[in-house]
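Trainee: I'd like a close look at one part of this model, please. Pick it apart for me slowly, since I'm new to this.

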Amino acid sequence: MSFSSRLPRAISPPPVYDARSTPQTSSTSLKPYLQLPHILSLTWLAYPILSLIFVIFRLQLSSAESQTAVANAKDDLLTACQAAQQAATAAASMPRYMAIATNQQFAEAINGTMNAARAALILALTVMEAIINFLIDIYRSTFLCFLELVVVGGLDLLISAVQEITSFLQTTLNSIVSGLKNDATTLNSAIQSAVNTVNKVNPFGNIQAPQFNVSSLDALSNITIP
């Protein structure tokens, strides 16, 4: 139902208090209950006055509520502005934050890659060091074995040569010493025979025959090479 279809209510006029409308009777001495001052004191109870009072009261309440609503609206507007400012600040700072996060991720990735490469290089160097030490040990052991073989073989050859030379010298010297002893014995026997023959015809006494002492030649048979 629309407001245009409603019939306007009849507004009753306010009561009119007129002192002259009160009938005056000259036949009685009674006065009316409501005199003019009383009637004037009741004028604030008229419909327009009461309506105006209610309107003023409603306007006062509406003013207080409107001030509260305006304060709330201001607070809401300030909150919205602050939220918008924070959102705009965050939106404006978003590239910076993204750049910082991206740089941090890049730095962490590069550091991780460098650490992995460093660990791989250290492992490779350790393996190379172990291989080089192994090869050096092989060459050193081979050289020591070869040197030991050469030294031991040389010593064996030298000892064998010394033994052969010693044996040859002893055999040769023994044969020489034996020959010299035999020659000395033969010579001593010949000299002794000659001296004995001379002593038989010698009137002056016996002549001592000289003897060749070859006992010192025994030292030649004991020669050894150290």
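Trainee: Does Leu123 count as buried or exposed, and why?

Mentor: Leu123 counts as exposed, because its relative accessibility is 57%. The cut-offs go like this: under 20% relative accessible area is buried, over 50% is exposed, and anything in between is partly exposed, with a 1.4 Å probe and protein chains only.

A word on the ground rules. This is a predicted model, so local features need pLDDT of at least 70 and side-chain atom pairs count only at pLDDT 80 or more, while totals for chains, interfaces and linings use all residues. Residues are numbered from 1 along each chain as its sequence is written, and side-chain values use heavy atoms, leaving out hydrogens and water.

Now, where does Leu123 sit? You'll find Leu123 in helix 2, residues 47-201. The protein has two helices and zero strands; helices here are DSSP runs (H or I, at least four residues), strands are E runs of at least two, and numbering starts from the N terminus.

UniProt, in an unreviewed entry, puts "transmembrane region" at residues 39-57 and 116-136; such annotations may be inferred rather than shown by experiment. Residues 116-136 are 100% helix, and their end C-alpha atoms lie 30 Å apart.

Leu123 also has company: with Val127, Ile131, Phe134, Leu135, Ile138 and Tyr139, Leu123 makes a nonpolar surface patch of about 720 Å². Patch members have over 30% relative accessible area and no salt bridge; nonpolar side chains (Val, Leu, Ile, Met, Phe, Trp, Tyr) are joined within 5 Å, and like charges within 9 Å. The areas come from the Shrake-Rupley method with a 1.4 Å probe.

Further along helix 2 are Asp137 and Arg140, three residues apart, about one turn of the helix. Their side chains meet in a salt bridge at 2.9 Å, N to O, and the structure holds just one. The test is a Lys or Arg side-chain nitrogen within 4 Å of an Asp or Glu carboxyl oxygen. Asp137 counts as partly exposed, because its relative accessibility is 32%.

Zooming out, buried residues make up 6% of the 226 residues. Mean pLDDT (the predictor's confidence in each residue, from 0 to 100) is 77, and 74% of residues reach 70 or more.
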